Amino acid sequence: MFVWDANTGELLWSHNEHNALTIGIAFSPDSTRLISGSWENWVALVWDVSSGELLFELPADQDVFNPAFSPDNRLVAVPTRAGTTTIWDVSGAEPIKLFELNSPAAVISAAFSPNGDYLGTTHFDGTSAIWDFPASLETGSGQALLNLKLHTNIATSMDFSPDNR
């Protein structure tokens, strides 16, 4: 994995902590941290962007695909091939596993709505789900508000518009 300064073209730092293919990365909204997922080691890694220091290893139950930060920089969603999306609090000195959302197929990507009220996930079976995120945090589990069958193949990514739709 390489982090470059887009203005100067300077290589800021690089790491080979994922010895296999790095599947997905996401910057925190405040641009201070980066999370990466890989097909190896069943772990998501959280990095300090300015120094390249590895801050946290978040264990997963299978390969990690496209993780996401919440809009407040406090939480990450880690989607896996096993059909789980694990929610971690990474705001303190040590990460805290909060809960898992379970899906019927491998979860390819996760995305938070800009206001943090929803989490979207896409799945290997072509489905997507929208989760009521504050309710999930309160109960420690999740029920999808919407399950959408939109594709006949893999649904690879999801995002919300700036107005949360």
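This report walks through the overall build of the protein and then a handful of its residues.

## The overall picture

Keep in mind that we are looking at a predicted model. The protein is mostly a story of strands: there are 14 of them, alongside one helix. How does the radius of gyration sit with what a compact globule would have? For 165 residues, such a globule would come out near 15 Å, and the protein has 15 Å, so the two agree. Laid along the principal axes, the C-alpha atoms fill a box of roughly 45 × 30 × 30 Å.

Inside that box, 45% of the 165 residues count as buried. Take the contacts with a separation of 6 or more, and 39% of them come from residues 24 or more positions apart. On the outside, the protein exposes about 8,300 Å², with carbon and sulfur atoms supplying 51% of that area. As for charge, there are 6 positive and 20 negative ones, and their mean positions are 9 Å apart.

## A pair of tryptophans

The structure holds two aromatic pairs. One of them is formed by Trp-13 and Trp-47, a tilted pair with 5.5 Å from centre to centre and 35° between the planes. Why call the pair tilted? An angle under 30 degrees would make it stacked and one over 60 edge-to-face, with the rest counting as tilted, and here the planes are 35° apart.

What does this pair tie together? Trp-13 belongs to strand 2 (residues 11-14) and Trp-47 to strand 5 (residues 43-48), so the pair links parts that are 34 residues apart in sequence. Both partners are tucked away: Trp-13 counts as buried at 7% relative accessibility, and Trp-47 counts as buried at 1%.

## Two loop residues with positive phi

Ser-31 has a phi near 65°, which is positive even though the residue is something other than glycine. Ser-31 sits in the loop between strand 3 (22-27) and strand 4 (33-38). Asn-73 shows a similar feature, with a positive phi of about 70° and, again, no glycine at that position. Its home is the loop between strand 7 (68-69) and strand 8 (75-79).

Buried or partly exposed: where does each one fall? Ser-31 is partly exposed, with a relative accessible area of 45%. Asn-73 is buried, with a relative accessible area of 14%; the cut-off for buried is under 20%.

Next to Ser-31 in the chain is Asp-30, also placed in the loop between strand 3 and strand 4. Asp-30 is partly exposed, at a relative accessible area of 38%. Along the chain Asp-30 is 14 residues from Asn-16, and their C-alpha atoms are separated by 24 Å.

## Distances along the chain and in space

Here are some C-alpha separations side by side.

| Residue pair | Apart along the chain | C-alpha separation |
|---|---|---|
| Leu-11 and Thr-127 | 116 residues | 38 Å |
| Pro-59 and Val-43 | 16 residues | 4.5 Å |
| Ala-155 and Ser-109 | 46 residues | 8.5 Å |
| Asp-30 and Asn-16 | 14 residues | 24 Å |

Leu-11 lies in strand 2 and is partly exposed, with a relative accessible area of 37%. Which residues does Leu-11 touch, once those up to four places away in sequence are set aside? They are Phe-2, Val-3 and Trp-4.

Pro-59 lies in strand 6 (residues 54-59). At a relative accessible area of 52%, Pro-59 is exposed, given that exposed means over 50%. Even so, Pro-59 is in contact with Trp-42, Val-43 and Trp-88, leaving aside neighbours within four places in sequence. Val-43 turns up twice for Pro-59, then: as a contact, and as the partner whose C-alpha atom is 4.5 Å away.

Ala-155 comes in the segment after strand 14 (144-149). With a relative accessible area of 3%, Ala-155 is buried. Which residues surround Ala-155 as contacts, not counting neighbours within four places in sequence? The list runs to Ile-108, Thr-122, His-123, Gly-126, Thr-127 and Ser-128. Thr-127 is also the residue whose C-alpha atom is 38 Å from that of Leu-11.

Conventions. Residues numbered from 1 in each chain as written. Predicted model: local features only at pLDDT ≥ 70, side-chain atom pairs only at ≥ 80, totals over all residues. Heavy atoms only, no water. Helix = DSSP H or I, 4+ residues; strand = E, 2+ residues; numbered from the N terminus. Rg over C-alpha atoms; globule rule 2.2 N^0.38 Å. Buried < 20%, exposed > 50% of the residue type's maximum accessible area, 1.4 Å probe, protein only. Contact = heavy atoms within 4.5 Å. Areas by Shrake-Rupley, 256 points an atom, 1.4 Å probe, with all protein chains shown as cover. Lys, Arg positive; Asp, Glu negative; His and termini not counted. Charge placed at Lys NZ, Arg CZ, Asp CG, Glu CD. Phe/Tyr/Trp six-rings, centres within 6.5 Å; stacked < 30°, edge-to-face > 60°.
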